[in-house]
Amino acid sequence: MAVYIETTTVPNIVKFVNDELLTKDSFEFSTQDEASKSPLATTLLQFPFIQKVYITANFIALEKTNTIKWEDVVEELKDIINEAISSNRLFSNSTIQIPISIYAEMTPNPEVMKFVANKMLIEGMVEIKNKEEASISPVATQLFIFPFVKELFITENYISITKNNTVEWNEVSLELREEISKLLRDGIAVLKENVKLENPTVKNNSNSTKKYTSDEEAIKALLDEYVKPAVVADGGNIELIEYVPESKTVQVLLQGACSGCPSSTITLKNGIETMLKQFLPEKIESVEAING
């Protein structure tokens, strides 16, 4: 195992990312009482400048006060976290039980709502366009029983649901939230075992793995850094399909809340296209969504 340090958009929060999954749940500790079942959190909160400890997925995030600079302490903290992970001291032997909760969040797409869980659902992502495709997901199969459910997008800790126009969200969001909570509490699998989540963007027509060109690698890096975080926060995903140098065109795949969103064209042209032109002058003329 190895831990590496990753800065965040919040200056007082830094992440210590592990190369393996640490927990499928999410925990937040800000007092010694709360941290009583986590030896690592107990140790970290003894530092007077540490305000909060977050443990989730494959990383541990720390929030500090303004009294100290990260560069003065980050290596020491990294060593403590490395030692705790290697010696299995994240949690005490008694299992921490936290209730499953779901909250609903609107997205820029009026037909899509994001249902966020307080635990990791899957590593990766899956887009389910109809009932037939839902066979890989017991949770999705149950959700497609609702006649107004049109599509699902599942990734990390949330499910984005696209509805048809037969209902309004204020009529069904509470019912869906309760149903998702019940399914997860009952232990219904989000995905069947051995389901491989394949990213369609790395497949070409012959179904063999495609390697990005140097230009495509540069475009993908920009999308991942400047675009994807906001898109994911809105309940969707964006992936690079292809860069066509002859026409200087970037083709992207929009998923989840972004697929079919009325504002996606404006976002592509005024946001993503403008950004790529600034970073890669003379190489980009347009950005197109293959399913926008």
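This text leads through four parts of a predicted model: a strand residue, a buried loop serine, a helix and a small sheet.

The strand residue is Glu 63, which belongs to β5 (residues 59-64). Its C-alpha atom is 5.1 Å from that of Lys 52, although 11 residues separate the two in sequence. Lys 52 is also among the residues that Glu 63 touches beyond four places in sequence, together with Asn 12, Ile 13, Phe 49, Ile 50, Gln 51 and Tyr 54. With Tyr 54 there is in addition a polar contact, made between the two side chains at 3.0 Å.

Further along the chain, Ser 137 occupies the loop that connects β8 (122-128) to α3 (138-143). Its relative accessible area is 0%, and because buried means under 20%, Ser 137 counts as buried. Once neighbours within four places in sequence are set aside, its contacts are Ile 128, Ile 154, Val 190 and Leu 191. Val 190 also offers a polar partner: its backbone oxygen is reached by the side chain of Ser 137 at 2.4 Å.

Helix α4 comprises 17 residues, 169-185. At 1.5 Å a residue a span of 24 Å is expected, and the C-alpha atoms at its ends are 23 Å apart, so the expected and modelled values agree. The buried residues of this helix are Trp 169, Val 172, Ser 173, Leu 176, Ile 180, Ser 181, Leu 183 and Leu 184. In an α-helix, residues three or four places apart point the same way, because there are 3.6 residues a turn. The elements against which the buried residues of α4 pack are β6 (102-106), β7 (112-117), α3, β9 (149-156) and β10 (158-163). After α4 comes Gly 187, with a positive phi near 80°.

The last part is an open sheet of 3 strands, ordered β11-β12-β13, with mixed pairing. Its edges are formed by β11 (236-244) and β13 (286-289), each of which pairs on one side only. From one strand to the next, the twist averages 30°. Between β11 and β12 (residues 249-256) there are 8 bridges, and these two strands run antiparallel. One of the bridge pairs can be located through Leu 240, whose partner in β12 is Val 252. Across β11 and β12 lies helix α5 (residues 214-233), which runs at about 160° to β11.

Methods: Residues are numbered from 1 along each chain as its sequence is written. This is a predicted model: local features need pLDDT of at least 70, side-chain atom pairs count only at pLDDT 80 or more; totals for chains, interfaces and linings use all residues. Side-chain values use heavy atoms; hydrogens and water are left out. Helices (H or I, at least four residues) and strands (E, at least two) are DSSP runs, numbered from the N terminus. Buried means under 20% relative accessible area, exposed over 50%, partly exposed in between (1.4 Å probe, protein chains only). A polar contact is a pair of N or O atoms within 3.5 Å; within protein, one must be able to donate a hydrogen and the other to accept it, and residues adjacent in sequence count only if both atoms are side-chain atoms. Contact means heavy atoms within 4.5 Å. The expected span of a helix is 1.5 Å times one less than its number of residues. Two strands pair if DSSP finds at least two bridges between them. Axes are lines fitted to C-alpha atoms, for helices over the stretch in contact, and angles run from 0 to 180 degrees between N-to-C directions.
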